[in-house]
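Below are my notes on the model, as numbered points. They cover the sheet, one residue in its interior, the charged pairs and a surface patch.

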Amino acid sequence: MATKFQEDGVLQASKGKLQPPRMYKVVLLNDDFTPMDFVIAVLQRFFSMDTEQATRIMLKVHNDGRGVCGVFPRDIAATKVEQVSAFARQHQHPLACIMEEN
C-alpha cells in the first residue's frame with residue numbers, strides 16, 4: 001500500500017492496484033541423447049508429477065520437440081530451469097530446459 005502526504009502534512013494511505021506477477025512457462029527441449037526414463041525422473045523430481053503425467057509430458061517433448069512442464073512466477077521458473085540443467089549436467093545428459101514468458 002502506498003502512502004502520500006496531503007497539503008496539511010497528514011499521511012494518508014492510497015490504494016494502488018497490484019498486478020499479478022508475470023508467469024513463465026518452463027519448457028523441456030528434445031534431444032537425441034537423453035534417455036526417456038531420465039526425462040520422466042526429472043519431471044517427477046522437479047515438477048512433482050506422477051508417472052502418468054511425466055510420461056505424457058515426456059512423449060510430448062519426444063514427438064513435438066518441446067513440452068511445457070509448468071507455469072510459474074519468474075523466480076521459481078528460473079530456479080527450476082537451473083535445477084533441471086544442473087541435474088542433467090551432473091548425469092552427463094544434454095537435456096535442455098528453458099523458460100518463456102506465458
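1. Two strands count as paired if DSSP finds at least two bridges between them. In this predicted model, Val27 has Val68 as its bridge partner in E4. E3 and E4 clear that threshold, since they are joined by 7 bridges in the antiparallel sense. A second partner pair across these two strands is Val26 with Gly70 in E4.

2. On its other pairing, E3 is joined to E5 by 6 bridges, and these strands too run antiparallel. Val27 takes part here as well, with Ile98 as its bridge partner in E5. Val27 thus has a partner in E4, Val68, and a partner in E5, Ile98.

3. Taken as a whole, the sheet is open and has 3 strands in the order E4-E3-E5, with antiparallel pairing. Strand E4 (66–73) and strand E5 (96–101) are the edge strands, each pairing on one side only. On average, neighbouring strands of the sheet are turned by 25° against each other, direction ignored.

4. Which helix lies across E3 and E4? Helix H2, residues 51–64, does, and it runs at about 125° to E4.

5. Is Cys97 buried or exposed? Cys97, a residue of strand E5, has a relative accessible area of 7% and is buried, because the cut-off for that class is under 20%. Leaving out residues up to four places away in sequence, Cys97 touches Val26, Val27, Leu28, Val81, Val84 and Ser85. The C-alpha atoms of Cys97 and Val26 are separated by 7.0 Å, although the two residues are 71 residues apart along the chain.

6. The structure holds 6 salt bridges. Side chains of opposite charge can pair when their charged atoms come close. One of the salt bridges joins Glu101 to Arg22, with 3.3 Å between the closest N and O atoms. This pair links distant parts of the chain: Glu101 is in strand E5, while Arg22 is in the loop between strand E2 (11–14) and E3, 79 residues apart. Arg22 is exposed at 56% relative accessible area, and Glu101 is partly exposed at 43%.

7. Some further remarks on Glu101. Besides Arg22, Glu101 touches Met23, Tyr24 and Lys25, not counting residues up to four places away in sequence. By contrast, Val39 is 22 Å from Glu101 in space, C-alpha to C-alpha, with their positions 62 residues apart in sequence.

8. The side chains of Glu100 and Arg66 also meet in a salt bridge, at 2.5 Å from N to O. Glu100 lies in strand E5 and Arg66 in strand E4, so this pair ties together parts of the chain that are 34 residues apart in sequence. Glu100 is partly exposed at 25% relative accessibility, and Arg66 is partly exposed at 34%. With Lys25, Arg66 and Glu100 are linked in a network of salt bridges.

9. How many residues apart in helix H2 are Glu52 and Arg56? They are 4 residues apart, so about one helical turn separates them. Their side chains form a salt bridge, at 3.1 Å from N to O. Glu52 is exposed, at 56% relative accessibility, whereas Arg56 is partly exposed, at 48%.

10. A nonpolar surface patch of about 200 Å² is made by Met23, Val68 and Val71. Met23 belongs to strand E3, which spans residues 23–29. Met23 is partly exposed, at 31% relative accessible area, and can enter a patch because patches take residues with over 30%. Val68, another member of the patch, is the residue named above as the E4 bridge partner of Val27.

Terms used. Residues are numbered from 1 along each chain as its sequence is written. This is a predicted model: local features need pLDDT of at least 70, side-chain atom pairs count only at pLDDT 80 or more; totals for chains, interfaces and linings use all residues. Side-chain values use heavy atoms; hydrogens and water are left out. Patches are made of residues with over 30% relative accessible area and no salt bridge: like charges are joined within 9 Å, nonpolar side chains (Val, Leu, Ile, Met, Phe, Trp, Tyr) within 5 Å. Accessible areas come from the Shrake-Rupley method with a 1.4 Å probe; for residues, only the protein chains shown count as cover. A salt bridge is a side-chain nitrogen of Lys or Arg within 4 Å of a carboxyl oxygen of Asp or Glu. Buried means under 20% relative accessible area, exposed over 50%, partly exposed in between (1.4 Å probe, protein chains only). Axes are lines fitted to C-alpha atoms, for helices over the stretch in contact, and angles run from 0 to 180 degrees between N-to-C directions. Contact means heavy atoms within 4.5 Å.
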